[in-house]
Amino acid sequence: MDQRLLDLEKTTLGIELGSTRIKAVLIGPDHVTIASGESNWENRFEDGVWTYHLDDVWTGVQAAYRQLSHNVKRNYGIALSKVGAMGFSAMMHGYLPFDATGKQLTAFRTWRNTTTEKAAESLTSLFQFNIPQRWSIAHLYQAMIDKEEHVNDIDFLTTLAGYIHWKLTGEKVLGVGEASGMFPIDSDTGDYNRHMMEKFNDLTKHDGYQWKLENILPKVLTAGDHAGMLTEVGAKLLDPTGILQAGIPICPPEGDAGTGMVATNSVVERTGNVSAGTSIFSMIVLEKALSNYYTEIDMVTTPTGKPVAMVHCNNFTSDINAWTSLFAEVLQAHGTDVDMGELYAILFKKALEAEEDVGGLVSCNYYAGEPITRFEEGRPLLVRMPDSKLTLPNFMRSQIYAALATLKIGMDLLTEEEKVHVDYMLGHGGFFKTEKVGQQFMADAVGIPIAVMNTAGEGGPWGMAILAAYAVNKKFNQTLEEYLANEVFAKGKMKMLKPTREGKRSFSTYMDRYQSILKVERTAIDALQ
């Protein structure tokens, strides 16, 4: 193919590390995907901690990049030696501390861990601001409470996205959206909340630590800011073949929440999005501050620093995935070849045929702890009465409703208690792959119209590539909000589904049973160790 069809300097690259997949996306000047690559990975549960090994980070990133560059070579006949800009995102939160020599001080503690309850409660009370268990500052303070020796030696504390950016550029920075999952952000200054930071420094001083928080956290940057260049060492780390050249500008690293907002054009007030995969979270850009703080609601920001109310649930599709794998095993045992994507679609469509009361079934999808409902561990459950109707449609709808139930609890605080108005929420993630099914169930559950854009399948890595493009293509000094509206989504198509009366009634009936099964879940956790 003619090399002139692809001008590498007008492309941008986004790589995002999700909980089960690492994906790289290359886009052109029209923001359309040119090539992609991916690799799979899984977290490990070691010594009571959900973690990923940092060696696996680089193995996975290199594999995704290698597949992407191979696809560029195959389709355009040109080696991927450079791009116009790049950016990196990953699962938010967690705990990655390093000493002054760059040595990792303890295993990476991911967002999935629910071992910081004491620290989170103490900091929430101290700040009068909700500090979730998965936030970096909660992990740090819990380590202080537990008197872990490594805390004395911390020189740099960052997230997974911040770690990758640091290794590729040498810069210890974060985008403001990602930083807001480490420590509270003051949206007026676009930086860490100074008052809260002083309160935390009083704690470190009292405990005898020599460092101050502002000296160990990454510097906060806003979308469009210069965040460094790909170094020679970084280029070899990303592309061991040596083809990729150093000197490429890299935009501020962001979290998967921020890239989800960008990918769905949900960065202005009264817009919202919901990302549904292994975990699920909704994000609403607020017109004004909430009247109170809630432990079920996280306050984070857009990539430009606007306040966002976030409902984050640790558990979403893990139980659905496990059951789908079991069904696949049954089919394989019968000698049938299984296409997993097709199987998911079949099962999701069967859920549409369920009875309105879901046959009396009820499930709890907690694989891990769930802070919103105060569970530190999980025990997936399916409960039925002797007269319940265990059919495939009822079973699948029970699984889907259970996955949505905890999100509903958090969303009700925003829409009913705080009267937050949302015109609609844009959905993205694997849950929406089967046309209309997940979208309709989500709308019925939260009572808000759910829209899906024709770019929804692109997801976070595409959103990260957009942020990289914005960093080098800010036309006429446009804000990110203007850039997305005028340059990226001007011709985008959107399909919207509204809640139905029958669907809302069905989900409401299910929620009554779901509140009851949480008592069973507590007993299961206590009894089954």
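In this predicted model, helix 12 (residues 392–417) lies across strand 14 (272–276), strand 15, strand 17 (307–313) and strand 22 (425–428), and runs at about 150 degrees to strand 17. Helix 13 (residues 437–446) also packs on the sheet, where it touches strand 14, strand 15, strand 22, strand 23 and strand 24. The direction of helix 13 makes about 150 degrees with that of strand 23.

The sheet that carries these contacts is open and has seven strands, in the order 16-17-15-14-22-23-24, with mixed pairing. Strand 16 and strand 24 (494–497) each have a single partner strand, so one side of each is left without a neighbour in the sheet, and these two strands stand at the edges. From one strand to the next, the twist averages 30 degrees. At the strand 24 edge, strand 23 (residues 450–453) and strand 24 run antiparallel and are joined by four bridges. Within this pairing, Met453 has Met494 of strand 24 as its bridge partner.

The loop between strand 15 (280–285) and strand 16 (298–301) contains Tyr293. This residue is partly exposed, with a relative accessible area of 30%. Apart from neighbours within four places in sequence, Tyr293 is in contact with Thr124, Gln128, Phe129 and Asn130. Gln142 lies 151 residues from Tyr293 along the chain, and the C-alpha atoms of the two are separated by 21 Å.

A second topic is the open sheet of five strands, which has the order 3-2-1-6-13 and, again, mixed pairing. Here the edges are taken by strand 3 (33–40) and strand 13 (254–255); each has a single partner strand, so one side of each is left without a neighbour in the sheet. Strand 1 (residues 12–17) pairs with strand 2 (residues 21–27) in the antiparallel sense over six bridges, and Gly14 has Val25 of strand 2 as its bridge partner. Strand 2 and strand 3 likewise run antiparallel, joined by seven bridges; in this case Leu26 is partnered by Ala35 of strand 3. The connection between strand 2 and strand 3 is a hairpin with five residues between them, and His31 in its turn has a positive phi of about 70 degrees.

Two helices lie across strands of this sheet. Helix 1 (residues 54–76) lies across strand 1, strand 2 and strand 3, at about 145 degrees to strand 3. Helix 4 (residues 160–169) lies across strand 1, strand 6 (85–90) and strand 13, at about 145 degrees to strand 6. The two helices also pack against each other: the axes of helix 1 and helix 4 are 12 Å apart and the packing angle is about 70 degrees, which makes helix 1 roughly perpendicular to helix 4. Leu54, Val57 and Trp58 of helix 1 make this contact with Leu160, Tyr163, Ile164, Lys167 and Leu168 of helix 4. Of the residues in the contact, seven are nonpolar, none is polar and one is charged.

How many disulfides does the model contain? The count comes to zero. Cys313 is in no disulfide, and the nearest cysteine sulfur, that of Cys364, is 12 Å away. Conversely, Cys364 is in no disulfide, and the nearest cysteine sulfur to it is that of Cys313, at 12 Å. A disulfide requires sulfur atoms within 2.5 Å. Cys313 is buried, with a relative accessible area of 0%, and Cys364 is buried as well, with a relative accessible area of 0%.

Note on methods
Residues are numbered from 1 along each chain as its sequence is written. This is a predicted model: local features need pLDDT of at least 70, side-chain atom pairs count only at pLDDT 80 or more; totals for chains, interfaces and linings use all residues. Side-chain values use heavy atoms; hydrogens and water are left out. Two strands pair if DSSP finds at least two bridges between them. Contact means heavy atoms within 4.5 Å. Axes are lines fitted to C-alpha atoms, for helices over the stretch in contact, and angles run from 0 to 180 degrees between N-to-C directions. Angles under 35 degrees count as roughly parallel, over 145 as roughly antiparallel, 65 to 115 as roughly perpendicular and the rest as oblique. Ala, Val, Leu, Ile, Met, Phe, Trp, Tyr, Cys and Pro count as nonpolar, Asp, Glu, Lys and Arg as charged, and the others, Gly among them, as polar. Buried means under 20% relative accessible area, exposed over 50%, partly exposed in between (1.4 Å probe, protein chains only).
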